[in-house]
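Trainee: I'm new to this one and would like a close look at a single part. Could you take me through the salt bridges, and then whatever sits around them?

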Amino acid sequence: MRIQILADVGDGLTIPINYNHWLSAAIYHYLARSDGEYADFLHNDGYIVEKKHFKLFTFSQLMARQRRVQAQTIHFDSTLVWYVSSPMERFLSHFADTLLTEGRLFVGPHRLQIQDVRIPRVPQFTSEMRFRCISPIVMSTSREQNGKLRCHYCTPDDAELSELIRRNLLRKHEAIYGNQPLHDDRLSFRFDAGYLHRKRGRVTRLVDYKGIKIRGTLCPFSVIGSPALIRVGYECGFGDKNSAGFGMVAV
């Protein structure tokens, strides 16, 4: 399930283009005000599967009808729209309770009046679906470079991308439900070739998250396979680093 938040920017809001850490901090703030123990659990450990830690939530970029990017800042001139998603009821209930009680959205030093909080309709999940990114998709793996293992961020043409995303979703499914899908664990992931061609491959974005450079992809894509795994991707985010604001999609 996901929550849509609409916030008033007043005479306008200008923030740095690298703002993901502000939104992540806001989420933990709301959780801590409602359930400090759960906030600490998520922040420090999360749900562990095969030595991988999952927070099992994701969030979108900030969106508005009127916005403009100038150098290293982004300016919003109309109502701000933000989505937060998780399959975990405990997460959503504590997050929403505090959000509604405080009535303000924290974006770094800014306190924005919340206009509305909505729960969008959950789509029907089928074995073949198309999505668009509302935050960049990141998929990282370790690869050898100059004799050392280093973090590698997959690009849209990476041969391993689809299988890495499938394995990531299998682990998330196990973290949520205690097991992997019993009857269907297939998943094929493909970015839209036509979109990549029109954009001449310029679909990646480098995000600075508290000093860490993370490269993600903003491009429509299709998935074929297990509806259960596709739902996990929709609710938790596709790829990794979801709790830092990556991998959120819309049908």
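Mentor: Let's start with aspartate 116, which counts as partly exposed because its relative accessibility is 31%. Keep in mind that this is a predicted model. The side chain of aspartate 116 meets that of arginine 118 in a salt bridge, 2.8 Å from N to O. Arginine 118 is partly exposed too, with a relative accessible area of 41%. So neither partner counts as buried, since that would take a value under 20%.

Now go to arginine 68 and aspartate 77, whose side chains form a salt bridge at 2.7 Å, N to O. Arginine 68 has 40% relative accessibility, so it counts as partly exposed. Aspartate 77, at 33% relative accessibility, also counts as partly exposed.

Further along the chain, aspartate 208 pairs with lysine 213, and the closest N and O atoms of that salt bridge are 3.2 Å apart. Here aspartate 208 is at 22% relative accessibility, which makes it partly exposed, and lysine 213 is partly exposed with a relative accessible area of 47%.

Salt bridges can also link up: Glu163, Arg166, Arg167 and Asp185 are joined in a network of them. Searching the whole structure turns up 14 salt bridges.

What surrounds the stretch we started from? Strand E10 covers residues 110-118, and the buried residues of helix H3 pack against that strand. They also pack against strands E1 (2-8), E8 (80-85) and E9 (104-107), as well as helices H1 and H2. The buried residues in H3 are Phe91, Leu92, His94, Phe95, Ala96, Thr98 and Leu99. H3 itself runs over residues 89-102, 14 residues in total, and spans 20 Å from its first C-alpha to its last, close to the 20 Å expected at 1.5 Å a residue. Right after H3 comes glycine 103, with a positive phi near 70°.

That leaves the two helices that H3 packs against. Two packed helices are described by the angle between their axes and the distance between those axes. For H1 (residues 20-34) and H2 (residues 36-44), the angle is about 145° and the axes are 6 Å apart. On the H1 side, Tyr28, Leu31, Ala32 and Ser34 make the contact, meeting Gly36, Ala39, Leu42 and His43 of H2. Those contact residues divide into five nonpolar, three polar and no charged.

Conventions. Residues numbered from 1 in each chain as written. Predicted model: local features only at pLDDT ≥ 70, side-chain atom pairs only at ≥ 80, totals over all residues. Heavy atoms only, no water. Salt bridge = Lys/Arg side-chain N within 4 Å of Asp/Glu carboxyl O. Buried < 20%, exposed > 50% of the residue type's maximum accessible area, 1.4 Å probe, protein only. Axes fitted to C-alpha atoms, helices over the stretch in contact; angles between N-to-C directions. Helix = DSSP H or I, 4+ residues; strand = E, 2+ residues; numbered from the N terminus. Contact = heavy atoms within 4.5 Å. Nonpolar A, V, L, I, M, F, W, Y, C, P; charged D, E, K, R; others polar. Expected span 1.5 Å × (residues − 1).
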